[in-house]
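Thanks, everyone. I'll walk you through one structure today. Please have a look at it first.

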Amino acid sequence: MRIELPNEEFKYITENSLECDKHTAFVLTNQNEKYLQNARDNSAHSIINITDVAKLFGTDKIKIIAITGTNGKTTTASAIYSFLLDMGYKVAMQGTRGFFMNDEVAEGKTLTTPSVLNTYKHIYQAVSAGCEFFIMEVSSHAIVQKRVEGLKFELKILTNITQDHLDYHKTIGEYIAVKNSFFQDEGKKLINKDEPKASFNIKNTFTYGIENPATYRLMAYSLNDASSGIIQHFKEVVPFTASLHGFFNLYNLMAAISATHIVTGKKLEEVADVVDNFAGVSGRMEQVSELPNVIVDFAHTPDGMQQVLNALKEKELLVVFGAGGDRDRSKRAIMGRVAASLAKKVYITSDNPRHENPEAIVDDILEGIEDRSIVSVELNRKKAIQMALNDQENDEVVVILGKGDESYQIIYDEKFPFDDREIVRELLNLN
Ligand SMILES: CC(=O)N[C@H]1[C@@H](OP(=O)(O)OP(=O)(O)OC[C@H]2O[C@@H](n3ccc(=O)[nH]c3=O)[C@H](O)[C@@H]2O)O[C@H](CO)[C@@H](O)[C@@H]1O[C@H](C)C(=O)N[C@@H](C)C(=O)N[C@H](CCC(=O)O)C(=O)O
Ligand SMILES: Nc1ncnc2c1ncn2[C@@H]1O[C@H](COP(=O)(O)OP(=O)(O)OP(=O)(O)O)[C@@H](O)[C@H]1O
Ligand SMILES: N[C@H](CCC[C@H](N)C(=O)O)C(=O)O
Ligand SMILES: [Mg+2]
């Protein structure tokens, strides 16, 4: 990515040595230092480092809030974004769903945490738009690859640590260590007190929790009509209501309410007042049809699936799901076990097979299922959804997991248009 700078001695900056020339300075990062010689060979105008970019872009003029954890980053980030906007602040948010500023989509999806310079560019755009806050999701890949190099965080948040991405991190121990490595400094942090795998520097630590004593504690809650609860923060005891469903979302809400309270310094009551306006995130527990009841959700990890299916367990569930190709193989059998233990029927299908054989992915999922009498395998995702809808009776719920708001099916390197929600609407003639 080459960025044009109007008033500098060099015209452009880039983090890619291949884009260097006499007008373009090379921004040296942890990720690209191996290409330094190549930048010189390409006659880079000069070599600058990330602290130079921080000064050029004024990244210290905005409060950066970072969120990491296996699940719930996008939901928590979106909730904080919504709360701050409702409280009258100008805010930007970068994450899995793209880059947003002041309630507008500024850029579509790329990575959960883009490359270093891309993030700096977004921060620069946010500063220029007068934003006071920049909320960003930080993936475990980004922590290892130092894609957040040089950023100073106003607050770092941990949602939870379960299993994902072991294709990249190799062992669960390594994955846990990577997540925790983000919380070893003395800066402000907000930690889920009910996450036993969290390990952090206690200096400047705030906690939130439901089961354990915490700086922000959910004293009572109800999940009858969406959700509501009472938060205690020292002497402040404040009720809230929210439109999100599921016990797991209480954690996302607690993280978001506490974070907003910490970074604004406003009264907890003022934060609680705007919680109900947050409508949730597209493709997460999204009810596509009420009668018949069909829900689309982005659960693509064992814990995510367990949480979502548990949240719906009052009803009989017909669960359609697959597992991504070129991703953590070891989570597949566990996902199979979770689905089979909580569903009446399971339909195993494809979810972005990428470069893998879809049948082999299904076999990995089946490894975790002993009683296969409730399982159907249909690699064509549309047909699998159709099967579930055909089988659905009265009060049952069809739950389609893994893709959420994705609008494609990735086969090899190609993205074919595919949106679970559109498919359901088409099959049910709801369009
Ligand atoms: C496996 C992986 O994470 N790869 C990421 C990694 O690529 P890489 O190590 O191959 O990088 P590279 O091509 O050597 O480039 C490194 C740096 O050198 C520079 N370069 C490169 C070549 C060259 O000749 N000269 C040069 O200067 C590049 O501009 C870059 O700045 O660094 C790149 C730049 O930061 C990322 O774009 C790339 O993400 C790839 C596309 C990817 O698919 N990543 C996924 C797995 C990912 O990161 N997912 C997470 C988690 C999702 C979640 O759970 O939410 C995410 O954050 O999205
Ligand atoms: N706090 C939570 N604990 C467990 N599961 C959750 C939690 N929040 C959300 N989920 C599940 O995880 C799915 C993804 O949620 P979300 O997009 O907020 O997470 P994420 O961490 O941003 O995921 P990704 O890393 O893929 O971007 C949801 O659709 C839901 O199934
Ligand atoms: N951020 C996650 C999203 C997974 C979504 C699922 N549909 C898949 O392709 O595995 C990942 O890249 O692993
Ligand atoms: Mg995300």
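Before the record, one definition: UniProt positions are given here in the numbering used for this chain, and annotations may be inferred rather than shown by experiment. Also keep in mind that this is a predicted model.

Now the record itself. The UniProt entry is unreviewed, and under "binding site" it lists Arg 327, Asp 351, Asn 352, Pro 353, Arg 354, Gly 402 and Glu 406. Let's take two of those.

Start with Arg 354. Where does Arg 354 sit? In the loop between strand 19, residues 345–348, and helix 12, residues 358–366. Buried or exposed? Arg 354 has 14% relative accessibility, so it counts as buried. Setting aside residues up to four places away in sequence, Arg 354 touches Gly 324, Gly 325, Asp 326 and Arg 327. It also touches Ile 410, Ile 411 and Tyr 412. Note Arg 327 there: UniProt lists that residue too.

Next, Glu 406. This one is in the loop between strand 21 (397–401) and strand 22 (408–411). Its relative accessibility is 10%, and therefore Glu 406 is buried. Beyond four places in sequence, its contacts are Lys 109, Phe 298, Asp 351, Asn 352, Phe 418 and Asp 419. With Asn 352 there is a polar contact between side chains, at 3.1 Å. Both Asn 352 and Glu 406 are on the UniProt list.

Let's move to the metal. Which protein residues are donors of the magnesium ion, ligand 4? Thr 74 and Thr 96, each through OG1, and Glu 137 through OE. They lie 2.1 to 2.2 Å from the ion. Along the chain, the donors follow the spacing T-x21-T-x40-E. The two threonines link distant parts of the chain: Thr 74 is in helix 3 (residues 73–86), and Thr 96, 22 residues apart from it, is in the loop between strand 6 (91–95) and strand 7 (98–101). Thr 74 is buried, because its relative accessibility is 10%. Thr 96, at 21%, is partly exposed.

Thr 74 and Thr 96 come back at ligand 2. That ligand is surrounded by 21 residues, and the closest are Lys 73, Thr 74, Thr 75, Thr 96 and Asp 297. Now some distances. A side-chain N or O atom of Thr 96 is 2.7 Å from an oxygen atom of ligand 2. For Asp 297, the matching figure is 2.5 Å, again to an oxygen atom of the ligand. Asn 160 puts a polar side-chain atom 3.3 Å from a ligand nitrogen.

Finally, the overall layout. The domain assignment gives domain 1 (2–54), domain 2 (58–277) and domain 3 (286–427). Between the centres of domain 1 and domain 3, over C-alpha atoms, there are 45 Å.

Technical notes:
Residues are numbered from 1 along each chain as its sequence is written. Chains are lettered from A and ligands numbered from 1 in the order in which they are written. This is a predicted model: local features need pLDDT of at least 70, side-chain atom pairs count only at pLDDT 80 or more; totals for chains, interfaces and linings use all residues. Side-chain values use heavy atoms; hydrogens and water are left out. Helices (H or I, at least four residues) and strands (E, at least two) are DSSP runs, numbered from the N terminus. Buried means under 20% relative accessible area, exposed over 50%, partly exposed in between (1.4 Å probe, protein chains only). Contact means heavy atoms within 4.5 Å. A polar contact is a pair of N or O atoms within 3.5 Å; within protein, one must be able to donate a hydrogen and the other to accept it, and residues adjacent in sequence count only if both atoms are side-chain atoms. Donors are N, O and S atoms within 2.8 Å of the metal (3.2 Å for Na, K and Ca); water is not among the atoms, so sites may look incomplete. Domain bounds come from an automatic or database domain assignment. A residue is near a molecule or strand if one of its heavy atoms lies within 4 Å of it.
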